[in-house]
Structures are given as C-alpha cells and as structure tokens.
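Please give a short briefing on this structure for someone who has not seen it before. Group the points by topic, and explain each term when it comes up.

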Amino acid sequence: MPDVEIAPSILASDFSKLESEIAEVHELAESIHVDVMDGHFVPNITIGPVVSNSLKESSRVTTPLSIHLMISDPWKYGPEFSTGPGDVIIFHTETTDRPRELIERLGESGCGVGVSQKPASDPEEVVPLLPMIDEVLVMGVEPGFGGQEYQQRTTERIRFLAGKIAEVNSDVKIAVDGGMNAETVATAAEAGAEIIIAGSAVFGSKDRRKAINELKRAAKQA
Ligand code: DX5
Ligand code: ZN
C-alpha cells in the first residue's frame, strides 16, 4: 500500500499544553486535526476559532491544520477560522442545503475544502460534490467523542467513495476519522483511505512518535 498521511487529533491531547503537545508530533504528522464541536450538531463542546486561530499564529505549529467543523452553522462560524493554502476545512453535508456555495465560501482563503457525513447519511450525496472538493472525511464513529470503536460499516463507505473518485479520475483524498488503531488503519487503508485521523492512538500513548510510526507501518502492510 502507498504511504498514508497521519493527522493526529488534538481532541485526545492535553489542552492545557496544546502547543507543546503539537510540537511533539508535528514533524511526523502531515497535518494536525482540530475537532470543532458546538454542543448542538454533536453532544459535546470543544474549541472554536479563538483557539484554532492562536494555533495558526503560533510559530511552533508549522504543520497544516485540518479543521473539522461539527457545528450546526458552518456558514456563520466557518469563515472565522484562519486558514490558508495547505490547510483543509471540513464541514458536514447535514448542516447545509447549499454545499456548493459553502465549498466556495470556505475555500476563499486558498485552503482546501472537505466534506464529511455522519455514519447514517447517504454517501451518494457526496458524489456530485467530488469535482469541487479536496477531501472526503469518512467518519469511523458517530461524531462527538474520541475513543470510540471503529464501526465496521465504515470500510464499505470508504470503498464506495474510492470507486467513485477513481471513476471520475479525481485526486480527492479520502480521510478516515474515528476508531483508528494499528488494526483498523490497515482495513481503512486497504479500502482506499489515504489520510488517517487518530486521536487516542497517538495522544493516548506514552510515545506519540512511536505511535505515529506504528500506524504508518500498519497501513503500509495492509
Ligand atoms: C470524533 C472526532 C475525531 C476524534 C477521533 O467526533 O471527529 O476526530 O478526535 O478520536 P479517536 O481517534 O480517539 O477515535
Ligand atoms: Zn474529527
């Protein structure tokens, strides 16, 4: 299998020392995943533009950000996130009737734009958007919390979207988010995931760098 990219999710990190937590992993990570939750779209609250934008300004955080909006109003709050080329901002299709316009709006800074869906939503809805986006984020768990078990049905969703992307010869990348560990990463990579978002598997382990390398190795052996 080709190399996967790893995006450690700061949701599982120690928020009291966020900058140094990121500094520990950023050399090995292709991006840093920022989970934005509003207590409405998902039953949990995390951080918003104030914290994310400080990370963007930090000279110790040079890795691109992958900003995952799990919020009911991405139109209002999405543009408040500082982004630029290399970063990706991802919204959920369930939160807007005008996904095409939102993709254009969020991409105005030159960043990439991705879409995601809750596990029960129909992946067919993403297909017409493929020519406009850079990433599809496939949830491996119900969004809202880290540390959940990977839902096996995710693998078929990844495979379905990989097939559609290949059909239109597009370079949209598939990211998988939730429940990633040395076993599930192999399954997801084999099905077509190229970006692995991992919270607990990275920040929950004592040696974070070793954990990232293990995920990369496991994906390669898939
Ligand atoms: C869940 C978040 C995920 C989460 C993954 O709603 O979108 O990014 O941080 O956590 P783990 O890797 O612990 O499942
Ligand atoms: Zn996420």
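Six donors count as octahedral if opposite donors are over 155 degrees apart and all others between 65 and 115, four count as square planar under those limits, four count as tetrahedral if all angles lie between 85 and 135 degrees, and anything else is irregular. Donors here are N, O and S atoms within 2.8 Å of the metal (3.2 Å for Na, K and Ca), and water is not among the atoms, so sites may look incomplete. This is a predicted model, in which local features need pLDDT of at least 70 and side-chain atom pairs count only at pLDDT 80 or more, whereas totals for chains, interfaces and linings use all residues. Residues are numbered from 1 along each chain as its sequence is written, chains are lettered from A and ligands numbered from 1 in the order in which they are written, and side-chain values use heavy atoms, with hydrogens and water left out.

**The zinc site**

- The zinc ion (ligand 2) has as its protein donors H33 (NE2), D35 (OD), H68 (ND1) and D177 (OD), which lie 2.1 to 2.3 Å from it.
- The site of this zinc ion (ligand 2) is octahedral, with angles of 71 to 170° among its 6 donor atoms.
- Along the sequence, the donor residues of the zinc ion (ligand 2) follow the spacing H-x1-D-x32-H-x108-D.
- Because H68 belongs to strand β3 (residues 65-70) and D177 to strand β7 (residues 173-177), the pair ties together parts that are 109 residues apart in sequence; helices (H or I, at least four residues) and strands (E, at least two) are DSSP runs, numbered from the N terminus.
- Both H68 and D177 are buried, where buried means under 20% relative accessible area, exposed over 50%, and partly exposed in between (1.4 Å probe, protein chains only).

**The cavity**

- The structure holds 1 cavity of 30 Å³ or more, a cavity being a set of points, on a 1 Å grid over the protein atoms alone, where a 1.4 Å probe fits but cannot get out, with lining residues having an atom within 4 Å of a point.
- The largest cavity has a volume of about 50 Å³, a volume being the space filled by probe spheres set on the grid points.
- β5 (112-117), β6 (135-139) and α5 (154-167) each supply at least two residues of the lining of the largest cavity, and the largest share, 4 residues, comes from β6.
- The residues that line the largest cavity include V115, V138, M139 and R157.

**Helix α2**

- In helix α2 (residues 49-57), the buried residues are P49, S52, N53 and L55.
- Seen down the axis of α2, these buried residues fall within an arc of 155°, so they line one face of the helix; the arc is that of the directions from the helix axis to the C-beta atoms.
- V50 and E57, on the other side of α2, are exposed.

**Loops and contacts far apart in sequence**

- N169, in the loop between α5 and β7, has a phi near 55°, a positive value in a residue other than glycine.
- N169 counts as exposed because its relative accessibility is 72%.
- S121 is placed in the loop between β5 and β6, and its C-alpha is 8.8 Å from that of T93, which is 28 residues away in sequence.
- D73 lies in the loop between β3 and α3, and the C-alpha atoms of D73 and F41, 32 residues apart in sequence, are 8.7 Å apart in space.

Note on methods:
1 Å grid on protein atoms, 1.4 Å probe; cavity = no way out; pocket = protein on both sides within 12 Å on 5 of 7 lines; lining within 4 Å.
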